[in-house]
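Student: Hi! I've got a structure open that I've never looked at before. Could you walk me through it?
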Amino acid sequence: MSEATVDNGRRTWLITSCAMGGVGAAAVAVPFVSSFQPSERARAAGASVEVDISGLQPGEKIVVEWRGKPVWIMRRTEEQLATLEKLEDQLADPNSQRTAYPTPPYARNRHRSIKPEIFIAIGICSHLGCSPIDKLQPGPQPSLPNDWLGGFLCPCHGSTFDLAGRVFRNKPAPDNLEIPPHHYLSETVVLIGEEAKA
């Protein structure tokens with residue numbers, strides 16, 4: 001056997017070993033790097049959720065999940081925002097002073113939000129945990145007053161909420177809809193689950 005044949009055999013063995021080592025390293029590295037991402041369990045336990053709202057049109061609502069709860073993100077129209085002032089005398093807690101679900105300071109206003117047009121709330125009734133349904137169309141409807149201006153109706157026990165998630169008086173729900181901690185990362189991206197750092 002010539003020396004050139006032995007060198008080629010070693011070279012082939014070395015190349016094959018390196019290639020197999022590279023494949024093995026990649027097979028180990030991919031799951032390792034992936035492990036830095038929050039697990040489904042961690043997300044359910046409270047990992048923040050980043051949401052791009054650039055495509056959300058006036059009057060539209062999307063639902064995302066945070067901590068296993070539905071979080072509503074709605075872009076209210078000018079007409080919908082105008083209804084909020086008209087309802088204050090009909091609401092149980094118009095200024096969000098009750099503490100069963102403390103409202104963050106940045107949402108203690110008439111529209112209960114950082115940006116007036118963007119409403120973000122946990123879509124769970126404060127009575128027994130049902131999810132209210134959209135009743136955005138103004139006017140008389142079953143289970144709603146004739147002067148209804150739009151909002152949300154809990155189908156379980158009839159609690160009603162305005163378009164800022166504030167509960168109407170004399171309803172089973174003891175509190176307004178909960179506002180989750182959140183802040184804007186940009187004009188069109190909101191982070192649900194964390195308040196802005198001071």
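Student: Let's start with cysteine 154. Is it buried or exposed?
Tutor: In this predicted model, cysteine 154 is buried, with a relative accessible area of 2%.

Student: And which cysteine sulfur is nearest to the one in cysteine 154?
Tutor: That would be the sulfur of cysteine 125, 3.9 Å away, and cysteine 154 is in no disulfide.

Student: Why is there no bond between cysteine 125 and cysteine 154?
Tutor: Their sulfurs are 3.9 Å apart, which is too far for a bond. The cut-off for a disulfide is a pair of sulfur atoms within 2.5 Å. Cysteine 125 is buried, by the way, at a relative accessible area of 2%.

Student: OK, so how many disulfides does the structure hold?
Tutor: There is one disulfide. It joins cysteine 130 to cysteine 156, with the two sulfurs 1.9 Å apart.

Student: Where do cysteine 130 and cysteine 156 lie?
Tutor: Cysteine 130 is in the loop between β4 and β5, while cysteine 156 is in the loop between β6 and β7, so the bond ties together parts that are 26 residues apart in sequence.

Student: Which hand does that disulfide have?
Tutor: The torsion about the S-S bond of cysteine 130 and cysteine 156 is about -105°, so the disulfide is left-handed.

Student: What about exposure for those two?
Tutor: Cysteine 130 counts as buried at 17% relative accessibility. Cysteine 156 is partly exposed, with a relative accessible area of 39%.

Student: You mentioned some strands there. What is the order of the open sheet of three strands?
Tutor: The order is β5-β6-β7, and the pairing is antiparallel. β5 and β7 (160-161) are at the edges with a single partner strand each, so one side of each has no neighbour in the sheet.

Student: How many bridges are there between β6 and β7?
Tutor: Two bridges link strand β6 (residues 151-153) to β7, in the antiparallel sense. If you want to find one on screen, look at leucine 153, whose bridge partner in β7 is threonine 160.

Student: Switching strands: how many residues of β3 are buried?
Tutor: Strand β3 covers residues 69-75, and five of its seven residues are buried, so you can call this strand mostly covered.

Student: And what pairs with β3?
Tutor: β2 pairs with β3 in the antiparallel sense over six bridges. β3 and β4 are also antiparallel, with five bridges. Isoleucine 73 is a handy place to look: in β3, it stands opposite isoleucine 62, and its bridge partner in β4 is isoleucine 120.

Student: What's going on at the turn from β2 to β3?
Tutor: That hairpin has two residues between the strands, and arginine 67 takes a positive phi near 55° there.

Student: Now charges. How many salt bridges does the structure hold?
Tutor: There are six salt bridges. One of the pairs is aspartate 134 with lysine 61, where the closest N and O atoms are 2.5 Å apart. This pair links distant parts of the chain, 73 residues apart: aspartate 134 is in strand β5 (residues 133-135) and lysine 61 in strand β2 (residues 61-66).

Student: Are aspartate 134 and lysine 61 buried or exposed?
Tutor: Something in between! Aspartate 134 is partly exposed at a relative accessible area of 35%, and lysine 61 is partly exposed at 23%.

Student: Which residue does arginine 110 meet in a salt bridge?
Tutor: Arginine 110 meets glutamate 88, at 2.8 Å from N to O. Both lie in the loop between α3 (78-86) and β4 (118-122), so the pair ties together parts that are 22 residues apart in sequence. Arginine 110 counts as partly exposed at 36% relative accessibility, and glutamate 88 is partly exposed as well, with a relative accessible area of 22%.

Student: And what does arginine 166 pair with?
Tutor: Arginine 166 forms a salt bridge with aspartate 162, their closest N and O atoms being 2.7 Å apart. Arginine 166 is buried, with a relative accessible area of 0%, and aspartate 162 is buried at 0% too.

Student: Which residues are joined into one network?
Tutor: Glu85, Glu88, Arg110, Asp162 and Arg166 are, through salt bridges that share partners.

Terms used: Residues are numbered from 1 along each chain as its sequence is written. This is a predicted model: local features need pLDDT of at least 70, side-chain atom pairs count only at pLDDT 80 or more; totals for chains, interfaces and linings use all residues. Side-chain values use heavy atoms; hydrogens and water are left out. A salt bridge is a side-chain nitrogen of Lys or Arg within 4 Å of a carboxyl oxygen of Asp or Glu. Helices (H or I, at least four residues) and strands (E, at least two) are DSSP runs, numbered from the N terminus. Buried means under 20% relative accessible area, exposed over 50%, partly exposed in between (1.4 Å probe, protein chains only). Two strands pair if DSSP finds at least two bridges between them.
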